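Visitor: I'd like a close look at one charged pair in this protein. Could you walk me through it, and then show me what to compare it with?

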Amino acid sequence: MTEAPATEHRDGFHSLRSGGLNWDSLPLKLFVKGNARFWNPADIDLSQDAEDWKGLDDEARTRVLRLCALFAAGEEAVTEDLQPFLRAMAAEGRLGDEMYLTQFAFEEARHVQAFRLWLDAIGVRDDLHEYVDTNPGYRTLFQDELPRSMEALLDDPSPRNQVRASVTYNHIIEGSLALTGYYAWNHVCTVRDIFPGMRRIIRRIGDDERRHMAWGTFTCRRHVAADDRNWDTVSERLDELLPHVMGTVRDGDVPSKDPAVQRYELPPGQLLEYASDRALRRLGAIESARGVPLSRIDLDASPEELEERFGEEDRATMARLET
């Protein structure tokens with residue numbers, strides 16, 4: 001009896017085709033940059049952070065632990081939930097995006113390692129779920145909206161679902177929450193002149209996250225350029241999720257009643273203003289793709305350039321605090 005031939009799942013290999021890979025495409029440029037900027041959390045000295053922790057009072061410790069718990073949990077969630085996007089890129093035959101997303105997932109896992117190593121270094125091994133469970137907006141985003149929007153790609157990796165997933169993951173979870181939180185981390189470490197190890201971690205993570213955001217903006221731009229209806233999908237998803245972002249930031253930014261502590265805090269409303277500013281500017285970058293020939297999008301580095309500007313602005317702000 002003759003065996004049936006094995007079903008072929010591939011019709012060739014991108015890396016062997018005429019012309020090779022397009023290293024000028026944005027996903028592969030981000031991949032190359034990520035390789036060049038590799039870092040290892042275990043190489044960061046956290047001994048001074050442990051000493052600084054001992055000098056904080058109970059209120060300051062509570063605020064720092066809340067911030068750290070929200071980040072450690074968030075990084076774990078995005079590490080677990082990214083895989084469906086890899087499958088979606090495979091379904092489209094976009095090897096460059098697949099290559100970048102493998103690096104992207106690794107970087108998210110590295111961020112989990114960095115936060116957990118920091119907690120271990122300062123001697124905190126208590127259960128920290130209370131900081132997550134008491135924030136309704138955070139729970140909605142990470143326990144419902146994020147996994148649901150990503151898992152939708154498994155059954156239907158359509159452009160609409162990709163846009164919804166990217167807005168949720170890249171523009172809400174990373175762009176509006178994570179990068180806003182890193183701004184808060186930088187601020188508290190800088191004004192108190194503490195945690196040099198955490199400051200190095202945040203700088204490194206921020207660099208990773210800006211590449212992630214550039215890919216998310218690029219992905220939305222690609223689909224908006226291909227079909228203008230996807231612009232409505234971007235706006236629709238942002239409108240659905242921004243109230244949860246604002247609630248999460250407000251619940252995590254309650255000012256202290258102690259004047260001695262207030263001098264270390266951001267002015268009321270500044271985190272919300274920061275989150276809104278970044279979201280609107282990225283939204284403008286996506287909208288600018290409407291009507292643009294699709295062939296130009298793959299080589300357009302403007303999403304990466306926007307994130308680099310954000311990084312420069314943040315560094316300038318922190319430099320002013322140090323003077």
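Visitor: In helix H2 (residues 47-54), how many residues apart are lysine 54 and glutamate 51, and what is that in helical turns?

Guide: Before we zoom in, this is a predicted model, where local features need pLDDT of at least 70, side-chain atom pairs need 80 or more, and totals for chains, interfaces and linings use all residues. Numbering runs from 1 along each chain as its sequence is written, and side-chain values use heavy atoms, with hydrogens and water left out.

Now your pair. Lysine 54 and glutamate 51 are three residues apart in helix H2, so about one helical turn separates them. (Helices here are DSSP runs of H or I, at least four residues, numbered from the N terminus.) Their side chains meet in a salt bridge, with N to O at 3.2 Å; the term takes a Lys or Arg side-chain nitrogen within 4 Å of an Asp or Glu carboxyl oxygen. Side chains of opposite charge can pair when their charged atoms come close.

How covered are the two partners? Lysine 54 counts as exposed because its relative accessibility is 58%. Glutamate 51, at 44% relative accessibility, counts as partly exposed. (Exposed is over 50% relative accessible area, buried under 20%, partly exposed in between, with a 1.4 Å probe and protein chains only.)

Your bridge belongs to a bigger tally, as a search of the whole structure turns up 28 salt bridges. Two others are handy to hold up beside the H2 pair. Take helix H9 (residues 196-226), where aspartate 208 and arginine 211 also sit three residues apart, about one turn of the helix. These two form a salt bridge, and their closest N and O atoms are 2.7 Å apart. Here, though, the setting is an inside one: aspartate 208 is buried, and arginine 211 is too.

Then hop to helix H10 (residues 229-251), where glutamate 240 and arginine 237 are three residues apart, so about one helical turn lies between them. Their side chains meet in a salt bridge, 2.6 Å from N to O. This pair is a mixed one: arginine 237 counts as buried because its relative accessible area is 2%, whereas glutamate 240 is partly exposed at 34%. Glutamate 240 and arginine 237 also have company, since salt bridges with shared partners join them into one network with Asp144, Glu145, Arg148, Arg160, Arg164 and Glu236.

Conventions
Helices (H or I, at least four residues) and strands (E, at least two) are DSSP runs, numbered from the N terminus.
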